[in-house]
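Trainee: I've got this one open and I'd like to go through it with you piece by piece. Put it up on the screen and we'll start with the helices.

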Amino acid sequence: MSIEPLLCVSVAPADVAACRAELEGCSVAEIRLDAMAVSPSEARALFCRQLTLIATCRPGRHDEQTRSELLLAAIEGGAAYVDVAVDSSKELRSTVVAAARARGCKVILSFHDDHHTPRRKTLRDMRERCFDEGADLAKLACLVETRSDAARLLGLLDGARPTVVVGMGPLGQVVRVAAPLLGSPIAYVHRDGGDETAPGQLPRAAFERLLREWAGG
């Protein structure tokens, strides 16, 4: 059986001009607003493009008010999905979720652990928290250091609700390719010849080749 996940090219450009260039040739892309020097009005314009776009703004470069403003601008512009860190403040989450609902934009609430893969119960509790707090899709991305880590992450795909699973690091590549074959609805890749936006991310062509091989096609 052919499985067709949403194959999303993740871009983390320095500015708006670089972003426009990196989106050329993409039909589905994640724009990492947290990597950019960008104003809300510029973000709004970026998401007016006739593409399926995911707006992401991780904690770090921008303060919470700026992150909220950028995500709201992306929703107003026409983002298909908005990705909000589940550990953001309740105010940010509720504001962005309400705006997304009003615009028909799907909400991804995401959990990231750059240091390890938590225990099974912690992962499952975090997945449920994402849905309890308004997610259309839950996303869990963790550093994979062992085969057991990979198995725990992939085990999250045994439920009925849409869960995006991402493995980070070299061993995480196994999770990245296996997850969409097991039901993860979105897979993240980087542009061929471009830079990864997260450790272990594969270039699009290599990912598509592996997906075909593993799916038996």
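Trainee: How far does helix H4 (residues 90-103) reach from its first C-alpha to its last?

Mentor: Ground rules first: this is a predicted model, so local features need pLDDT of at least 70 and side-chain atom pairs count only at pLDDT 80 or more, while totals for chains, interfaces and linings use all residues. Residues are numbered from 1 along each chain as its sequence is written, and side-chain values use heavy atoms, with hydrogens and water left out. Helices (H or I, at least four residues) and strands (E, at least two) are DSSP runs, numbered from the N terminus, and the expected span of a helix is 1.5 Å times one less than its number of residues. H4 has 14 residues, and its reach is close to the value expected at 1.5 Å a residue, namely 20 Å.

Trainee: Which residues of H4 are buried?

Mentor: Buried means under 20% relative accessible area, exposed over 50%, and partly exposed in between (1.4 Å probe, protein chains only). The buried ones sit on the same side of H4, because they cover an arc of only 115 degrees around the axis, the arc being that of the directions from the helix axis to the C-beta atoms. They are Leu92, Arg93, Val96, Val97 and Ala100.

Trainee: And which exposed residues does the face of H4 turned away from that side carry?

Mentor: Start with the other side: the buried residues of H4 pack against helix H3 (64-77), strand E4 (81-85), strand E5 (106-113) and H5, where contact means heavy atoms within 4.5 Å. The face turned away from them carries Lys90, Glu91 and Ala102.

Trainee: How many degrees does the arc of the buried residues of H5 take up?

Mentor: H5 has 13 residues that should span 18 Å at 1.5 Å a residue, and its end C-alpha atoms are 18 Å apart, which agrees. Its buried residues are Leu123, Met126, Arg127, Cys130 and Phe131. They line one face of the helix, because seen down the axis of H5 they fall within an arc of 140 degrees.

Trainee: Which elements do those buried residues of H5 pack against?

Mentor: On the other side of H5, Lys121 and Asp132 are exposed. Just after H5, Gly134 takes a positive phi of about 110 degrees. As for the buried residues, they pack against E5, strand E6, helix H6 (147-154) and E7.

Trainee: An arginine in that list caught my eye. Is Arg127 buried or exposed?

Mentor: Arg127 lies in helix H5 (residues 120-132). Leaving aside neighbours within four places in sequence, Arg127 is in contact with Ala138, Leu140, Leu156, Asp158, Gly159 and Thr163. With a relative accessible area of 9%, Arg127 is buried.

Trainee: What is the relative accessible area of Cys130?

Mentor: Cys130 lies in H5 too. Its contacts, leaving aside neighbours within four places in sequence, are Val86, Leu109, Ala135 and Ala138. Cys130 counts as buried because its relative accessible area is 0%.

Trainee: Over to empty space. Which residues lie nearest the centre of the largest pocket?

Mentor: On a 1 Å grid over the protein atoms alone, a cavity is a set of points where a 1.4 Å probe fits but cannot get out, and a pocket is an open set with protein on both sides within 12 Å along at least five of seven lines; lining residues have an atom within 4 Å of a point. Grid points are joined across faces, edges and corners, and a volume is the space filled by probe spheres set on the points. About 320 Å³ of space lies in the largest pocket. Of its 22 lining residues, those nearest the centre are Arg32, Arg58, His112, Asp114 and Met168.

Trainee: Which element gives the largest share of that pocket's lining?

Mentor: By class, the lining has 10 nonpolar, 5 polar and 7 charged residues; Ala, Val, Leu, Ile, Met, Phe, Trp, Tyr, Cys and Pro count as nonpolar, Asp, Glu, Lys and Arg as charged, and the others, Gly among them, as polar. Strand E2 (28-32), E5, strand E6 (137-143) and strand E7 (163-168) each supply at least two residues. The largest share, 3 residues, comes from E5.

Trainee: What is the volume of the largest cavity?

Mentor: The count comes to 1 cavity of 30 Å³ or more. Its lining includes Val165, Arg176, Tyr188 and Phe207, and the lining residues divide into 8 nonpolar, 1 polar and 1 charged. The volume of the largest cavity is about 50 Å³.
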